[in-house]
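Below are some comments on the model you sent round, set out as numbered points. Please read them with the coordinates open.

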Amino acid sequence: RGGALRKLQATTDSCAEEKEELQRERQQLLDTIQDAAATERQLERERQVAKICRELADAVPGVYGRILDLCQPTQKRLHVAVNVALGRNLDSIIVDTTETARRCVTYLKQRMHPPMTFLPLNDLRVPPLDPRLAELVNGKRALRLALNCISFDERHARAFEFLLGDVVFADTMADGRSLAFGDVRNLGLSCKVVTLHGEAIAKNGNLSVDSSAAREGSTRFDMAGVEGTKSRVAEIDRRLHEIYSLEYNGGADLASLKDEVRRAEAKASDTSSRLKWCQDQMRQKQEEMQAATSALAASGPEAERLSKEEERLRGELQGLEATSGEAVAEHYAKLSAAMGVDDVRKVEREWRREQEAAQLRSEEIARRLRNARAEASMLEKTLEERARQRPEELAPKLQAEVDELVGKEEGLTKAIESLEAELKQHHAKATEASAIERERDQALHAFRREAKEKRQKLTALEKQLSELSSQEQVLGNARSDILRQSVLEDVEVPLLAGGVQALQDLAEAPSQPASAPTQGAPLPAAAAASGAITVDFSSLPEEKMAASWGPAAKMLEEEYRAELERLRVELKRLSPNLKAAEQMHGVAEHAQEASREAENARRDIETVESDFEKVRKARRERFMDCFKMVASEIGEVYRRLTANTAGLHADGGSAYLDLEDTEDPFNGGIKFTAMPPAKRFRDMHLLSGGEKTLAAMALLFAVHAYQRPPFMVLDEVDAALDANNVRALANYVGQVHCQTIVISLKDRFFIGSEALVGVWKDKPKETSAVLTLDLTRYEQGLVQ
């Protein structure tokens, strides 16, 4: 898979690089095509002429090819000048002799190809180049001889000397005029001058410009280049299509391979992770089993010892709690007796309440003192104000008020002194009580610390007991699972106690998940059955029995597990696929169903192909019937339409219909050829407007010969016809056996009709009006 992926990736990368290069080249070629101003019609004519030249070269020996194909301008900027200088001779064909040219003309006539010009090399009269003209041109940088501006084969030099021997190219019109009307005339020479922009000065001095030939990008050389560029673009498109197909298919394959590689890597990673996890789990289980085996051997007496220790510690805890309570009660009793009270704690509570009440009274006295002082201050201010007013009148009153206030102050001072004394007594009692409380708190804190330590020891012992019980239960469950698996796998286990029936009971008992033991909880049935079984290890070798724990036991277990894994792989390899017959039956039924569907599809395809062939055959027969009828009629119809149209007593022209592919008409087109009377054969697009109209009407009337229409509408078909052709068309339409509606502005056409319908404008009403005139009444002389 990796090699195929790398190979496919390399192929994809190479295709991507090739695609980028082709797209870049294609864009450049498209830009070149867009720059070319050639129309599709010109390109089609170029293809037809090139095809005729190839046919001539294949059919007639001695044909070298067209001038256009046998020469090439040396620079792109000379395309316009060479195109104008050669003009119509670009399509001229170079042949070796005059006899070859005659055979070529005969070949064209026989196949009704358009006429072409031939240049026989043995019969061309080429005047020698005047050395004075060559010297004059070579002396000026803006002038150059036309023969020096194109590349051609020396075998065809005579033809190109005939066509361009006296032609000079000038960069600008000013340079050309200076040469043609100055230097050349002064030397008595004659030559044709063509500028790089397409202006031409003839030998007689006439100036001319061919706009179509002088347009940049529309020269015949550009058309040939465009044709080759289009061929290259088509080739690039085909290659790009192949690359896209390869990318699509290769991309799907690459994505599939990448997906497979990704899945394989993910699977490998997952397998590696699972393997590592399994190894870790196996190692952990081995360690647990070893530890459990070791702990299991010592768990019995240790569990009994821990149980006894727990009971002892619980008794000690209860004794400590009772002792602590008695010590606290005894301490408070001694303290109460020392203080001479019944209960020191009650005294403490009362003292706290009295202290709070004293604090409230102290705050109230301080508040009253502040009020009294404020009141005294206000009275002093009042006395000062009154003293300033009338001291004589206020003195007795003020004295009386002062005496009263002094009395009040003395009473308040005595109350404050008594309260302060009482407060000191309370402070002394509070200090004594605080000391007693601190001693009591210290003793209580010591008792609490001792009780906390006892509780922590008890909790640790309970936790250790719980862990040992859990390990005992886990090891018991593991032992039960091993014994149960031995029963299920028919492995004989030597027993000292319990017997085969105990193993059967253990296998039938439900497995118990490991959980923390609960005091007083009954043992599960599996644990009870497992406890009744004792395995006999006496048959093991001494080295195996010695390796019951530690690293040796771990290595022994790994050996056993490796052997078990080997046996499991061997068993899996030898196990047959028991569902192979059933799977084979399903595949056979699926194959039969697919065969039936394929047979039905084949019959349907044959039916469809048969029906299609019948329809195709019927279509071809009906088309050929129509074509033969039209082809046989069009010559006579065209002859009747064109008879005497040129003012001559002639039988008319000729018209033909040819199939491009006679075996399968629908793979090609129909070529319509019309040759007007007294004129040579021409391509259809070279006919005049009137000649094209008569040819089209002849084809229309010939089709009506196969299936006649109920009526026919001709809308100004005579617009491009002269008087003779209009008369001929009117005569033929008068002989057609169907109703014809003619829209025309020429009286020579509608004069022979049976009725006229005219549309005119009613100016007073500003509406259109219709006038109908029955001409048959005039023919019968019933003029009203």
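1. In this predicted model, Lys761 and Glu766 form a salt bridge whose closest N and O atoms lie 3.8 Å apart. Lys761 is exposed, with a relative accessible area of 52%, and Glu766 likewise counts as exposed, at 56% relative accessibility. Elsewhere, salt bridges that share partners join Arg45, Glu46, Arg66, Asp69 and Asp91 into one network. Under the distance rule applied here, the count comes to 19 salt bridges.

2. A second pair to look at is Asp183 with Lys140, a salt bridge in which the closest N and O atoms are 2.2 Å apart. This pair links distant parts of the chain, since Asp183 sits in helix α8 (residues 173-187) while Lys140 belongs to the loop between α6 (131-138) and β5 (143-145), 43 residues apart. Asp183 is partly exposed, with a relative accessible area of 22%, and Lys140 is also partly exposed, at 31%. Asp183 at 22% is not called buried, because that word is kept for residues under 20% relative accessible area.

3. The salt bridge between Glu613 and Arg616 has its closest N and O atoms 3.8 Å apart, and here both partners lie in helix α16 (residues 580-642), three residues apart, or about one turn of the helix. Glu613 counts as partly exposed at 43% relative accessibility, and Arg616 is partly exposed as well, with a relative accessible area of 32%. As general background to these pairings, side chains of opposite charge can pair when their charged atoms come close.

4. On confidence, the mean pLDDT of the protein is 77, and 76% of its residues reach 70 or more. Among the elements, confidence is highest in strand β3 (residues 93-95), at a mean of 93, and lowest in helix α13 (residues 525-531), at a mean of 59. Over residues 514-523 pLDDT stays under 50, and for this stretch the model has twelve contacts beyond four places in sequence. Where pLDDT is low, the predicted coordinates should not be read in detail.

5. As to the overall architecture, the protein holds 20 helices and 18 strands, and 26% of its 784 residues count as buried. Of the contacts with a separation of 6 or more, 68% are made by residues 24 or more positions apart. The accessible surface comes to about 52,800 Å², of which 54% belongs to carbon and sulfur atoms.

6. Which residues make the nonpolar surface patch of about 350 Å²? Phe711, Val713, Ile741 and Ile743 do so, and the elements that give two or more residues to this patch are β15 (711-715) and β16 (739-743). Ile741, whose place is in strand β16, is partly exposed, with a relative accessible area of 40%. Ile741 can therefore enter the patch on the ground of accessibility, because patch residues must have over 30% relative accessible area.

7. Helix α4 (residues 79-86) is mostly covered, with eight of its eight residues buried. The buried residues in α4 are His79, Val80, Ala81, Val82, Asn83, Val84, Ala85 and Leu86, a list that takes in His79 and Asn83 alongside Val80, Val82 and Val84. Just after α4, Gly87 takes a positive phi of about 55°.

8. Thr693, in helix α17 (residues 689-706), is buried, with a relative accessible area of 17%. Once its neighbours within four places in sequence are left aside, Thr693 is in contact with Val717, Ala720 and Leu721. Thr693 counts as buried because its 17% falls under the 20% cut-off.

9. Finally, how many disulfides does the structure hold? The structure holds zero disulfides. As for individual cysteines, Cys149 counts as buried at 3% relative accessibility, and Cys738 is buried too, with a relative accessible area of 15%.

Key: Residues numbered from 1 in each chain as written. Predicted model: local features only at pLDDT ≥ 70, side-chain atom pairs only at ≥ 80, totals over all residues. Heavy atoms only, no water. pLDDT = per-residue confidence, 0-100. Helix = DSSP H or I, 4+ residues; strand = E, 2+ residues; numbered from the N terminus. Contact = heavy atoms within 4.5 Å. Patch = residues over 30% accessible without salt bridge, like charges linked within 9 Å, V, L, I, M, F, W, Y side chains within 5 Å. Areas by Shrake-Rupley, 256 points an atom, 1.4 Å probe, with all protein chains shown as cover. Salt bridge = Lys/Arg side-chain N within 4 Å of Asp/Glu carboxyl O. Buried < 20%, exposed > 50% of the residue type's maximum accessible area, 1.4 Å probe, protein only. Disulfide = S-S within 2.5 Å.
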